[in-house]
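Please read the following points with the structure open beside the text. They are arranged by topic, so that each may be checked in turn.

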Amino acid sequence: MPKERGHKVIVSNRKARHDYSILDTYEAGLVLVGTEVKSLREGRASLADAFATVDDGEVWLRNVHIPEYVQGTWTNHTPRRTRKLLLHRQEIEKLIGKTKESGLSLVPLAMYFKDGKVKVEIALAKGKKSYDKRQDIAKRDADRTISRAMGRALKGRYND
């Protein structure tokens, strides 16, 4: 059987980019059982309430919902179990320092297959206040208006 190649996104957490300011991102491996991988291959997972913690020098992914594999037997996994993330020691030390001192959070942004292995993109993030969210929305709307006006100007139509 040929080895799998490429990058296939399973699930992404779009709400995280809305609720948090992303400071730094990391790619981490994930310790899974067989039925979890089979369920992920069907594209079934949710990062809605997920977060990561650093406990005793190890990084753990919590509240990720991977539903039970439909054709699984009594060996099926529990859907919301805590899963270990695989990172380099220097990355873990950096995350420990950042989360302890400055009150930053570890938020999963996406889960995907990379060359046949499940990877999670986690971010070191700081929570946004409601006025920050409003500013981001206003900036996005202004950029959209400017790009439309530029497009009209390039086409020779100068409507206000």
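1. A nonpolar core is a set of buried Ala, Val, Leu, Ile, Met, Phe, Trp, Tyr and Cys residues joined through side-chain atoms within 4.5 Å. The structure considered here is a predicted model. Its largest nonpolar core has 27 residues, and the members that touch the most others are Leu30, Leu40, Val59, Leu85, Leu87, Leu95 and Met111.

2. Which elements supply this core? At least two residues each come from β1, β2 (20–30), β3 (51–55), β4 (58–62), α3 (89–102), β6 (105–114) and β7 (117–127). The largest share, four residues, is that of β7. Apart from this core lies another, of five residues, including Ala16, Leu109, Ala123 and Ala125.

3. Methionine 111 deserves a separate look. Leaving aside neighbours within four places in sequence, methionine 111 is in contact with Val9, Ile10, Val11, Leu30, Leu40, Leu47, Val64, Val118, Lys119 and Val120.

4. The pairing of strand β2 should be followed on the model. With β7, strand β2 pairs in the antiparallel sense over nine bridges; within this pairing, threonine 25 has alanine 123 of β7 as its bridge partner. Strand β2 also pairs in the antiparallel sense with β5 (residues 83–86), over two bridges. There, the bridge partner of glycine 29 is leucine 86 of β5.

5. Is asparagine 13 buried or exposed? Its relative accessibility is 10%, and buried means under 20%, so asparagine 13 counts as buried. This residue is placed in the loop between β1 (7–12) and α1 (14–19).

6. The surroundings of asparagine 13 include residues distant in sequence. Alanine 110 is 97 residues apart from asparagine 13 in sequence, yet their C-alpha atoms are 5.8 Å apart in space. When neighbours within four places in sequence are left aside, asparagine 13 is in contact with Leu47, Val107, Pro108 and Leu109. With proline 108 there is a specific approach: the side chain of asparagine 13 reaches the backbone oxygen of proline 108 at 3.1 Å.

7. Does the length of helix α4 agree or disagree with what should be expected? Helix α4 (residues 130–155) has 26 residues, and at 1.5 Å a residue it should span 38 Å. The expected span is 1.5 Å times one less than the number of residues. The C-alpha atoms at the ends of α4 are 38 Å apart, which agrees. Glycine 156 follows α4, and the phi of glycine 156 is positive, near 90°.

Definitions and conventions. Residues numbered from 1 in each chain as written. Predicted model: local features only at pLDDT ≥ 70, side-chain atom pairs only at ≥ 80, totals over all residues. Heavy atoms only, no water. Buried < 20%, exposed > 50% of the residue type's maximum accessible area, 1.4 Å probe, protein only. Contact = heavy atoms within 4.5 Å. Polar contact = N/O pair within 3.5 Å; in protein donor to acceptor, adjacent residues only side chain to side chain. Pairing = 2+ DSSP bridges.
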